[in-house]
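Subject: Handing over the structure

Hi,

Here is the structure I promised to pass on. Have a look at it first, then read my notes below.

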Amino acid sequence: MPILSRLASDVQLMFRRPPRQQYAALCYRMTSDDRVEILLQTSRDTGRWVIPKGWPMADKGPHEVAAQEAYEEAGVRGNVDKTSIGCFLYRKGMKDGFTVDCKVQVYALEVTEMAKKFKEKGERRAEWVSCEEAANRVHEPMLKLLMLGFETELRQRKG
């Protein structure tokens, strides 16, 4: 029986597709007492806490996609880093009932403006929370780690 299990596992690996690429914005702001807050929003389908993310766009670079998704989903604009701060993996449920593995490159976006009207207004809940609270709310382990280390990394980058 172990040989059959091994064969089944090998066949499954042979037909597994590489993860689909997405780009996300880790939207943040500094509070009056010099703390970092992250903007979380709920997903439209499951209500889980997530960050704005989306699929590649032919006419935009990855950081530009992240910034556009932040505006469309959360109504925020700001200064987006051109270099990714890391990535995380998750399984995305599709409309047809299937799931796909996704690899999400994350770009820090310092929020400077919040719009009153934007594409997905009213479709999600959004909250500003500490890095620690953000990490507690999201489900993806690699995203949790990015959030927990973000404030320290940001302070090091800003000198």
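How many cavities of 30 Å³ or more does the structure hold? The answer is 1. Before I go on, please keep in mind that this is a predicted model.

**The cavity**

Its volume comes to about 40 Å³. The residues around the cavity are Arg48, Val50, Ile51, Lys53, Phe88, Tyr90, Glu140 and Leu143. Sorted by type, that lining has 5 nonpolar and 3 charged residues, with no polar ones.

**The pocket**

There is also open space to look at. The largest pocket has a volume of about 660 Å³. It is lined by 24 residues, and Arg44, Asp45, Lys92, Gly93 and Arg124 are the closest to its centre. By type, the pocket lining splits into 13 charged, 6 polar and 5 nonpolar residues. Where does the lining come from? Strand 4 (53-54), helix 2 (62-74) and strand 6 (86-93) each put in at least two residues. Of the elements, strand 6 gives the most, with 4 residues.

**Helix 4**

Next, try tracing helix 4, which runs over residues 141-158 and has 18 residues. From its first C-alpha to its last, helix 4 reaches 26 Å, close to the 26 Å expected at 1.5 Å a residue. Even so, there is a bend of about 45° at phenylalanine 150. Phe150 is also one of the buried residues of helix 4, along with Leu143, Leu146, Met147, Glu151 and Leu154. You have met Leu143 already, as part of the cavity lining.

**Alanine 134**

Another spot to click on is alanine 134, which sits in helix 3 (residues 131-137). Is alanine 134 buried or exposed? Its relative accessibility is 0%, so alanine 134 counts as buried. Isoleucine 38 lies 96 residues away from alanine 134 along the chain, yet the C-alpha atoms of the two are separated by 6.7 Å.

**Cysteines**

Last, a word on sulfur. How many disulfides does the structure hold? The count is 0. As for where two of the cysteines sit, cysteine 27 has 0% relative accessibility and therefore counts as buried. Cysteine 102 is buried too, because its relative accessible area is 1%, and the cut-off for buried is under 20%.

If you want a place to start, I'd go with the pocket and colour in Arg44, Asp45, Lys92, Gly93 and Arg124, the residues closest to its centre.

Cheers

Note on methods. Residues are numbered from 1 along each chain as its sequence is written. This is a predicted model: local features need pLDDT of at least 70, side-chain atom pairs count only at pLDDT 80 or more; totals for chains, interfaces and linings use all residues. Side-chain values use heavy atoms; hydrogens and water are left out. On a 1 Å grid over the protein atoms alone, a cavity is a set of points where a 1.4 Å probe fits but cannot get out, and a pocket is an open set with protein on both sides within 12 Å along at least five of seven lines; lining residues have an atom within 4 Å of a point. Grid points are joined across faces, edges and corners, and a volume is the space filled by probe spheres set on the points. Ala, Val, Leu, Ile, Met, Phe, Trp, Tyr, Cys and Pro count as nonpolar, Asp, Glu, Lys and Arg as charged, and the others, Gly among them, as polar. A disulfide is a pair of cysteine sulfur atoms within 2.5 Å. Buried means under 20% relative accessible area, exposed over 50%, partly exposed in between (1.4 Å probe, protein chains only). The expected span of a helix is 1.5 Å times one less than its number of residues. The bend at a residue is the angle between axes fitted to the seven residues ending there and the seven starting there.
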